[in-house]
Amino acid sequence: MLHYVIDNDTVAERKVVVGRAKRMTPVLSSKLSNFVINPTWTVPPTIIKEDLAVDAAKNRGYFSRSRIKIYNSKNQLVSPNSWNPNKPNNYRYVQDPGYNNSLGLVKFNFQNHHTVYLHDTNHRDYFTKTNRALSSGCVRVEHPLALAQQIIAQDYPDRNAKEWIATLLK
């Protein structure tokens, strides 16, 4: 569970999905630094090695199905047919933003040495499960846009948080 606390008072709780046994979420403590609405997702090294490279080597249609673009070291776009599956770490992989992006519609950033963050998910059905140790290490949060609205309303009481976020999602 995530507990949103202001002045020692829990003002909201959300279910979370954390890292599975093989890719456990580290224990850490940090403060929110910012959040990104409609984020792109740059695939991290562990997921490149253990998931993307394996799946894409079997079928290069993986990239178009996942809406993932491939970039070489010169930041040039590489076609899936030109991609070298024997050297998957020589590339950067970026998934387009959108509702079905792996990060969903919002990513909450906070300082840590693990490259872990809190985010929406494209697997929203996971929150109905009893065992929610299903991620690759980051923390997926239920109803993240409502949480972002609460944070904005707290920090910027003169703004209409719901309208502000709706504008950013366009």
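A residue counts as buried when its relative accessible area is under 20%, as exposed when that area is over 50%, and as partly exposed in between, using a 1.4 Å probe and protein chains only. Keep that in mind for the whole tour.

You are looking at a predicted model, where local features need pLDDT of at least 70 and side-chain atom pairs count only at pLDDT 80 or more, while totals for chains, interfaces and linings use all residues. Residues are numbered from 1 along each chain as its sequence is written, and side-chain values use heavy atoms, with hydrogens and water left out.

**Stop 1: the whole protein**

Show everything as a cartoon. You should find four helices and 12 strands; both are DSSP runs numbered from the N terminus, with helices being H or I of at least four residues and strands being E of at least two. The C-alpha atoms fill a box of roughly 55 × 35 × 30 Å along the principal axes. Of the 170 residues, 38% are buried.

Now colour by charge, with Lys and Arg as positive and Asp and Glu as negative, leaving out His and the chain ends. There are 23 positive and 13 negative side chains, and the centres of the two sets lie 12 Å apart. Each charge is placed at NZ of Lys, CZ of Arg, CG of Asp or CD of Glu.

**Stop 2: the hairpin at the start**

Select residues 2-6, which are strand β1. Which of these side chains are buried? L2, Y4 and I6 are, and they point to one face, while H3 and V5 point to the other and are not buried.

Add residues 9-14, strand β2, which runs antiparallel to β1 and is joined to β1 by five bridges. Two strands are said to pair if DSSP finds at least two bridges between them. Click on L2 and then on R14, its bridge partner in β2. Two residues lie between the strands of this hairpin, and D7 takes a positive phi near 50 degrees.

**Stop 3: the six-stranded sheet**

Next, follow the open sheet with the order β4-β9-β10-β12-β3-β11, whose pairing is mixed. Select 32-37 (β4) and 133-135 (β11): these stand at the edges with a single partner strand each, so one side of each has no neighbour in the sheet. At the β11 end, β3 (residues 16-19) pairs with β11 in the parallel sense over two bridges. Look for G19 there, standing opposite S135.

Move on to β9, residues 106-110. How many of the five residues of β9 are buried? Five of the five are, so β9 is largely enclosed by the rest of the structure. Turn the strand around to see both faces: V106, F108 and F110 are on one side, with K107 and N109 on the other.

β9 has antiparallel partners to visit. Five bridges join β4 to β9, and V36 has K107 as its bridge partner. With β10, β9 pairs over two bridges, and here K107 has H119 as its bridge partner.

**Stop 4: H119 and its surroundings**

Select H119, in strand β10. Is H119 buried or exposed? H119 is buried, with a relative accessible area of 5%. Contact means heavy atoms within 4.5 Å. Leaving aside neighbours within four places in sequence, H119 is in contact with S102, L103, V106, K107, C138, V139, R140 and V141.

**Stop 5: a helix and two loops**

Show helix α3, residues 144-155, which lies across β4, β9, β10 and β12. The helix runs at about 55 degrees to β9, an angle between N-to-C directions on a scale from 0 to 180 degrees, with axes fitted to C-alpha atoms, for helices over the stretch in contact.

Most residues other than glycine have a negative phi. Against that background, select H143, in the loop between β12 and α3. Its phi is positive, near 55 degrees, and H143 is exposed at 52% relative accessible area. T115, in the loop between β9 and β10, also has a positive phi, of about 55 degrees. T115 counts as exposed, at 61% relative accessibility.

**Stop 6: the four-stranded sheet**

Finish with the open sheet in the order β5-β8-β6-β7, where the pairing is antiparallel. Its edge strands are β5 (41-42) and β7 (77-78), each pairing on one side only. Select residues 92-95 to bring up β8, which pairs with β5 over two bridges. Your last pair to click is W41 and its bridge partner in β8, Q95.
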